[in-house]
Amino acid sequence: MNGENITLSEKIVSPSYVRQGAQARRGHEQLIRHLLDQGKCPEEGWSESTIELFLSELAVMDSNNFLGNCGVGEREGRVASGLVARRHYRLIHGIGRSGDIAAVQPKAAGSSLLNKLTNSVVLDILRISGVRSVASCFVVPMATGMSLTLCFLTLRHRRPKARYIIWPRIDQKSCFKSMITAGFEPVVVENALEGDELRTDLEAVQRKIEELGAENVLCVHSTTSCFAPRVPDRLEELAAMCAKYDIPHIVNNAYGVQSSKCMHLIQQGARVGRIDAFVQSLDKNFMVPVGGAIIAGFDESFVQEISKMYPGRASASPSLDVLITLLTLGANGYKKYLSERKEIYLFLAEELKSLASAHGERLLHTPHNPISLAMSLDGLQASSNQAVTQLGSMLFTRQVSGARVIPLGKEQIISGHTFRGFMSHSESYPCPYLNAASAVGITRGDVTLCMKRLDKCLKALKKDGKAAGSNPTAALANQEAPLTND
């Protein structure tokens, strides 16, 4: 409400009451003014009323919400359902223009402002999380795999003769398919087993570069966040190698923002060598719906080049979701989530180690993985390979989501390439195992309940394996118990 309307209101309601209300509104406006001025995530989170006021004021700046608007084009922000309009806070035009996802839309000043502010706030969070020298980033309405593809397609214009991407193996389908979809040939480099950990084989990467010729390599595609016993790639060494051979370096940092260790690796890699871009998921790091990612880098011109490669306009939903979330949490609220995640990681490690010991198993020693843990399943393997896979099914039917059970010897063909030992990141990992992760938003209650249900499943499998003697499969068929709330 502007000053004139406030004055008119004083003729209707007691002036002292109106002034009090106006003062309260100015409190909301000061928060908005600070965001517009600084472009950073506020230290303390906003109330829902402040966020809704802000989004409402952005929405009235878009042409579809003009009171006298007369739209005669094919894209006028028309929405048939009021429910859909409210779900999007009447910000209907999306972001970008037909030739540039970062461009300002003449019809949608509010949506364009939303887009610019979101990118600025997210950039601030990346710096707070540990990549202090990141120069630029943008939110793209695609998940991590397609966002990586966009990076590879952008590099094609810089290196038109290159056809290979060198990729230290990580058994996640979208990572592999991101390279295939972009039209390149992945060169899979097997990991080196060091103790229980699977680590980057730097000598093998260098041999591949020299064998293929640096000019024929589009980039090295490395990974930070990953399932144990694989650990983050040796980013500093890879970055130095890429700088030496003048090869681009793209980092898959899917859920690494929540890990200070992963972010430190990226910062150090950029300091000592070359990292052209790093990509992270919105849902995994910021607890928003699936559908968005952040593409970031240390050369602003290259990040802008990637954004211009995106064809057409884009949905504003991922940008809107992450902006609302970060304004709600504030920088302090997000840092609190990160701190709690670290604490629960230690708790999860203790609980999983204790449970493993009680069942004659062990917690695999993977100190370089700051998010994921793994527990051996040698005892189940001794009963039968089916007992290992059955454990995964039993956990899922008991509402334990996210735990991965990895048997020995599984093969998977993806786009013509055969992965032996698929899901274990290795052709011959020495034991089957179970994964669990301490990701942002996890609670101690999640860990406690998971351990209780995992304990019951392991006891049931061992009991029936003994009862069945040489034919445990028949007993295992009876283990699909109904869902429980214990």
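A cavity is a set of grid points where a 1.4 Å probe fits but cannot get out, whereas a pocket is an open set. With this distinction in mind, the reader may examine the spaces in this predicted model. The count comes to 1 cavity of 30 Å³ or more.

The largest cavity holds about 30 Å³ of space. Its lining consists of Ile95, Ile101, Ala102, Asn115, Asn119, Phe138 and Val139. Helix α5 (109-128) and strand β1 (136-140) each contribute at least two residues to this lining. In terms of class, the lining comprises 5 nonpolar and 2 polar residues, with no charged residues.

Attention now turns to the pockets. The largest pocket has a volume of about 870 Å³. It is lined by 38 residues, and those closest to its centre are Phe227, Ser401, Gly402, Ala437 and Ala439. Two or more lining residues come from each of α6 (144-158), α7 (173-181), α11 (282-286), β14 (433-437) and α16 (444-468). Of these, α16 gives the most, with 5 residues. The lining of the largest pocket contains 20 nonpolar, 14 polar and 4 charged residues.

Where does the largest pocket lie with respect to domain 2 and domain 3? Both domain 2 (109-329) and domain 3 (334-465) give residues to its lining, so the pocket lies between them.

The second largest pocket has a volume of about 290 Å³. Among its 16 lining residues, Asn119, Ser136, Cys137, Phe138 and Gln304 lie nearest its centre. Elements α5, β1 and α12 (300-309) each supply at least two residues of this lining. Asn119 and Phe138 thus appear in the lining of the largest cavity and also in that of the second largest pocket. By class, the second largest pocket is lined by 6 nonpolar, 6 polar and 4 charged residues.

The cysteines remain to be considered. How many disulfides does the model contain? The count comes to 0. A disulfide requires a pair of cysteine sulfur atoms within 2.5 Å. For cysteine 41, the closest cysteine sulfur belongs to cysteine 137 and is 13 Å away, which is too far for a bond. Cysteine 41 is buried because its relative accessible area is 5%, and buried means under 20%. Cysteine 219 is likewise in no disulfide, as the nearest cysteine sulfur, that of cysteine 242, is 8.1 Å away. With a relative accessible area of 0%, cysteine 219 is also buried.

How values were computed
Residues are numbered from 1 along each chain as its sequence is written. This is a predicted model: local features need pLDDT of at least 70, side-chain atom pairs count only at pLDDT 80 or more; totals for chains, interfaces and linings use all residues. Side-chain values use heavy atoms; hydrogens and water are left out. On a 1 Å grid over the protein atoms alone, a cavity is a set of points where a 1.4 Å probe fits but cannot get out, and a pocket is an open set with protein on both sides within 12 Å along at least five of seven lines; lining residues have an atom within 4 Å of a point. Grid points are joined across faces, edges and corners, and a volume is the space filled by probe spheres set on the points. Helices (H or I, at least four residues) and strands (E, at least two) are DSSP runs, numbered from the N terminus. Ala, Val, Leu, Ile, Met, Phe, Trp, Tyr, Cys and Pro count as nonpolar, Asp, Glu, Lys and Arg as charged, and the others, Gly among them, as polar. Domain bounds come from an automatic or database domain assignment. Buried means under 20% relative accessible area, exposed over 50%, partly exposed in between (1.4 Å probe, protein chains only).
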